[in-house]
Amino acid sequence: MHLANFINGEFVSPRSGAYFDDINPATAEGIAAIPDSDERDVDDAVRAARAAFPSWSRTTAAERSNLLLKLADLIEQNLDDLARTESIDNGKTISLAKRLDIPRAVANFRFFATAILHQSSDAHFMDVAALNYTLRQPLGVVGLISPWNLPLYLLSWKIAPAIAAGNTCVAKPSELTPLTANRLAELSIEADIPPGVINIVHGYGNKAGRALTCHDDVAAISFTGGTVTGAAVAANAAPRFKKMSLELGGKNPNLIFADADLDDAIATSIRSSFWNQGEICLCGSRIFVERSIHDEFVSRFAAAAKSLRIGDPLDASTDVGALISEGHLQKVMGYTDLATKEGGTIVAGGHRLDRPGYFVEPTIITGLTCECRVLQEEIFGPVVTVTPFDSEDEALAFANSTRYGLSATIWTRDISRAHRVAANLDAGTIWINCWLLRDLRVPFGGMKESGVGREGGFESLNFFTEAKNVCVKI
Ligand code: NAP
């Protein structure tokens, strides 16, 4: 199958005529040919988006809302097909795609479709008899760059608020997971989204993605991906004074105090460590456990990790699927080797499965301290460390010891401590006795090198609008 770019409501070949392979991570076999797009394709897409902007930005919020709701309904009706597509494209288990990714994409479109109906802006009566109000207007053409780990979930998290606010967009999905974005393009036609409102250009990040961040007619870039790529995106977009939102990597701490509900902490930590093969930016990859329960935690946690079923992602009973690529698998395995060199002990997993595809066992490492590279660098795979701590202060120091600040989890029954620790953690999202729960209205984003800006709720709608200040003398 040859994929095509989606420009002005039509599927078109890349200008270069060149393609590269899309690989199924569970079989290591080619499944599609992906357009190797360049700046000419990006320019075509931006032109289409510019041409569509005047009429789209003048539609009423209610009209846009209805179209987004229609798209949400279509995604929901095609849940099984989309989950299968995403599983084949990404290596994730079909059960997770059905339970998390696709329903969340539906929720994203529904949320922003209805949020746009309730957006308001401030007005102030001034003493000098004037009225000063804020006029929020769409920016124009916006560039949306998303990663491979939650392909539809994260793409919809950007497309939905961008077009709900009246912008038109050019999206560049990850080169590793183009199939889901392609299905979204097909569904957007069925939903009657006008041509040019959503454009999708496939291809390499450092070619097509770079061209998007450098394009003079793109008013804003919303980027989700790794911290190193985020720096490159910022370096290209900043001198062109584009509005920017950067959602970047994480190395999230999971703090387990001795008074925690250990059954719940272990069951949830299994999910926060190994769901999606650990390829969720919010996974808690550094686990810190109060010393008095450390050994019990490690033995029960390791037993639970060893019982996870790893294998064919399309089998509904599989818990852990395939990593995204051979290159990524090599990176992950490099860290398990490094862990041993740094003095760690692998108490579960540590091996690649002897079968085609990119399968790595859920891996647990003990005996490493916070300065080790394994506890400092984002691995983004099914590999976690467990380290004991002796006091609340030490737990906090360990948790805050990286350059990242995306999310954190706290397990304790002491409500005062829970709030105290939450207030002192360097993290944009903090879960207490839970993980991955989030109301779509709250601002989402990272601290430190995990990101700049906030997305979610009205923050996203505000990001995708210009706030003009209008003052009228009465
Ligand atoms: P990545 O390598 O940084 O790529 C992200 C996107 O940027 C992809 O579409 C990529 O295209 C594109 N890209 C690469 N180089 C570019 C450039 N020079 N200019 C413009 N775009 C460029 O990240 P990934 O490996 O796909 O995803 C994993 C990372 O994302 C992890 O670090 C994870 O923590 C992070 N993440 C963060 C969040 C969050 O909300 N904070 C959520 C999910 C994931 P290609 O794929 O074609 O290279």
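**Pocket close-ups**

**View A. Which elements line the largest pocket?** α5 (151–164), α7 (205–214), β10 (220–224), α8 (227–237) and α11 (326–341) each put at least two residues into the lining of the largest pocket. Helices and strands here are DSSP runs (H or I, at least four residues; E, at least two), numbered from the N terminus. α8 chips in the largest share, six residues. This is a predicted model, with local features needing pLDDT of at least 70, side-chain atom pairs counted only at pLDDT 80 or more, and totals for chains, interfaces and linings using all residues. Residues are numbered from 1 along each chain as its sequence is written, and side-chain values use heavy atoms, leaving out hydrogens and water.

**View B. The middle of the largest pocket.** Its space comes to about 1,100 Å³, a volume being the space filled by probe spheres set on grid points joined across faces, edges and corners. A pocket is an open set of points on a 1 Å grid over the protein atoms alone, where a 1.4 Å probe fits, with protein on both sides within 12 Å along at least five of seven lines; lining residues have an atom within 4 Å of a point. Of the 48 lining residues, P147, W148, G225, G226 and T229 lie nearest the centre.

**View C. The second largest pocket.** This one has a volume of about 250 Å³. Among its 13 lining residues, L100, W435, L436, L437 and R438 are the closest to its centre. α4 (94–115) and α9 (262–274) each give two or more residues to this lining, and α4 has the largest share, with three.
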